[in-house]
Amino acid sequence: MADLNLVIAGAAGQGVQSAAAILGRLLLRQGLHVFVTQDYQSRIRGGHNFMAIRIADRPVSASVRNIHYLIALNEESLRLHLPNLQADGLALCMAEDRGEVADPRIRALPAEVGPVGARNAKYVGVKLMAMFAEMTGFTKAPLIDAVQVEMGKRLKPEVLQLNLEAIDAAAAFVAAPDRHALPFQTDPGRERLFLEGNEALALGLIAGGIGVYAGYPMSPATSVLNTLAEFGAKAGIVVEQVEDEIAALNVALGAAFAGARAAAGTSGAGISLMSEAIGLAGISETPVVVIDAQRPGPSTGMATRTEQSDLLFVAHASQGEFPRIILAPTDHRDAFYLGAEALNLAERWQVPVFIMTDQVLADAQQTVDEFDLSTVKIERGAIAAEPPEPTLMKRYAVTPSGVSPRAIPTQSKWIVQQDSHEHTEVGHLSDNRENRVRQVDKRERKRDGIAAEFPGPEIVGDPDGTLFLAWGSTVGPVLEAAELLRARGRKVGVAVFRHLFPMNKERTAVALSRAARRFTIEVNQTGQLGKLLLLETGLTTDGHLGKYDGRLFTVQEALARLEEALAGC
């Protein structure tokens, strides 16, 4: 197995994202697997941003530390990333950005290379990309095509022409000894999608029949809102940017009451604001999906960084006791299919369903095969048969499963009553003791039913060695790290949790019971998955491998933490 890691780095506003988009399209059209992660600061100009592009001959869902090629758009980027450049790697920059850095791996392009009109900062990115394409054996044609697709619509024809001439000149500058073929075969005829995690999640919601989405811009959840807005009119979806997160969830609840499949999205700080409305969903048994794209907290925290520290909060958000569901996609395919599944679960069990992602998964771009829409089914749950004439509905009828038949008030003769108080079966406010116990028990039976149908964690590798428990975007690097350890003869496995809450106690116990030792590995300080596991099943772990600096786990970091745990056993 082979891969190649390219880092594009510079200040905000220098075109780091545009360069990555062009190269991503180039690589996609060559039939290669690509995984792209972003590291950016919360500012419009300046600072230091970079994108790591991992290119492989197989699907990959993790970033790596070592760099084969570095495209540095300024001197700061050169200095920051040279330490991770491999001994046989190459760093590409403009001659004026080299400064006093002396390193034989640097290939500096003189400013005078290329047409006179393309000798300013706007053309740096395309020139250095042309050098990279030439060094790795790509012909200029696919790069030119990618530039035309990505930039053609927003550039004047004469400016686009200057970019194309700059590509020719920069490619010609590359010396023969620096030209090396890629370490794997390309497959230009292979069609794949190239998506951000949030885009995959949004497409999953569309496939699942979402009717209304409400949100307020908050990193890193905003691109779900943007993607649904882009396709909303064509897909028949109402997409509303509201004044705050409180309004977002209340809009979604109102839409769900009226019969639409509805969702709202935010980050952890927005979930804090939504807590009261989460309780309203719980007591009114209104099906709704809530996306939590996690970032470090508390409060504003680190707006453009990543963390997995909301798990216990989301499991218990809002006062009182009521069931809810938590799903955690591990990659872009999971994001699509769990997005569709969440809408079914919400309506089947009439509970709020949380989809927990994080900044890494939300912003990362990945090549994926086309999704299989034939596997996506829309299940609307228990809908009451229509009465012959207008009739007050027992919306909260006590049933063995806890799920009461519902109606769509705007399209039905049923008269449906609900509010935020404890209520009788027909929705009338009540503080009767016996009724309170019946309604609480009714709601809690849904928790038991959900848990009974949920799978336990997926075990990858050796189930009877040392197991590492992971969820979300951490799964990708942990799986690769564990595979490297197994290749060295170590007995290790990974327990992948996608259906996080409620847990199926029996299936989880069976999956984990054979392990000699169990460790959680998460992007948080306290080991929240282990705490939830203990609460839900009584199972304990032997330790926690935490990372909470706001940055992602690379494969190398995950490997070091797994080796650390094994050394202490």
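These exercises work through a predicted model.

**Exercise 1.** Which residues touch the most other members of the largest nonpolar core, and which helix gives the most to this core?

*Solution.*
- Start with the core itself: the largest nonpolar core holds 51 residues.
- Next, rank by contacts within the core. Ile-8, Leu-23, Ile-53, Ile-71, Phe-132 and Val-147 touch the most other members.
- Then turn to helices. H3, residues 124-135, gives the most, with 9 residues.
- Finally, look beyond this core. Another core, of 42 residues, lies apart from it, and includes Leu-249, Ala-252, Leu-500 and Ala-515.

**Exercise 2.** List what Ile-8 touches, not counting residues up to four places away in sequence.

*Solution.*
- Part of the list is Val-16, Ala-19, Ala-20 and Leu-23.
- The list goes on with Asn-49, Phe-50, Met-51, Ile-53 and Ile-71.

**Exercise 3.** Is Glu-196 buried or exposed, and what is the nearest side chain of opposite charge?

*Solution.*
- Place the residue: Glu-196 sits in strand E7, residues 193-196.
- Glu-196 is buried.
- Check the charge partner. Arg-25 is the nearest side chain of opposite charge, 12 Å away.
- A salt bridge needs atoms within 4 Å. Glu-196 has none.
- List the surroundings. Beyond four places in sequence, Glu-196 contacts Gln-38, Ser-223, His-332, Ala-362, Asp-363, Ala-364 and Gln-365.

**Exercise 4.** Which residues of helix H16 are buried, and what covers them?

*Solution.*
- H16 spans residues 528-537.
- Its buried residues are Gln-528, Leu-529, Gly-530, Leu-532, Leu-533 and Thr-537.
- The cover includes helices H10 and H15, plus strands E18, E19, E20 and E21.
- After H16 comes Gly-538, with a positive phi near 85°.

How values were computed: Residues are numbered from 1 along each chain as its sequence is written. This is a predicted model: local features need pLDDT of at least 70, side-chain atom pairs count only at pLDDT 80 or more; totals for chains, interfaces and linings use all residues. Side-chain values use heavy atoms; hydrogens and water are left out. A nonpolar core is a set of buried Ala, Val, Leu, Ile, Met, Phe, Trp, Tyr and Cys residues joined through side-chain atoms within 4.5 Å. Buried means under 20% relative accessible area, exposed over 50%, partly exposed in between (1.4 Å probe, protein chains only). Helices (H or I, at least four residues) and strands (E, at least two) are DSSP runs, numbered from the N terminus. Contact means heavy atoms within 4.5 Å. Lys and Arg count as positive and Asp and Glu as negative; His and the chain ends are not counted.
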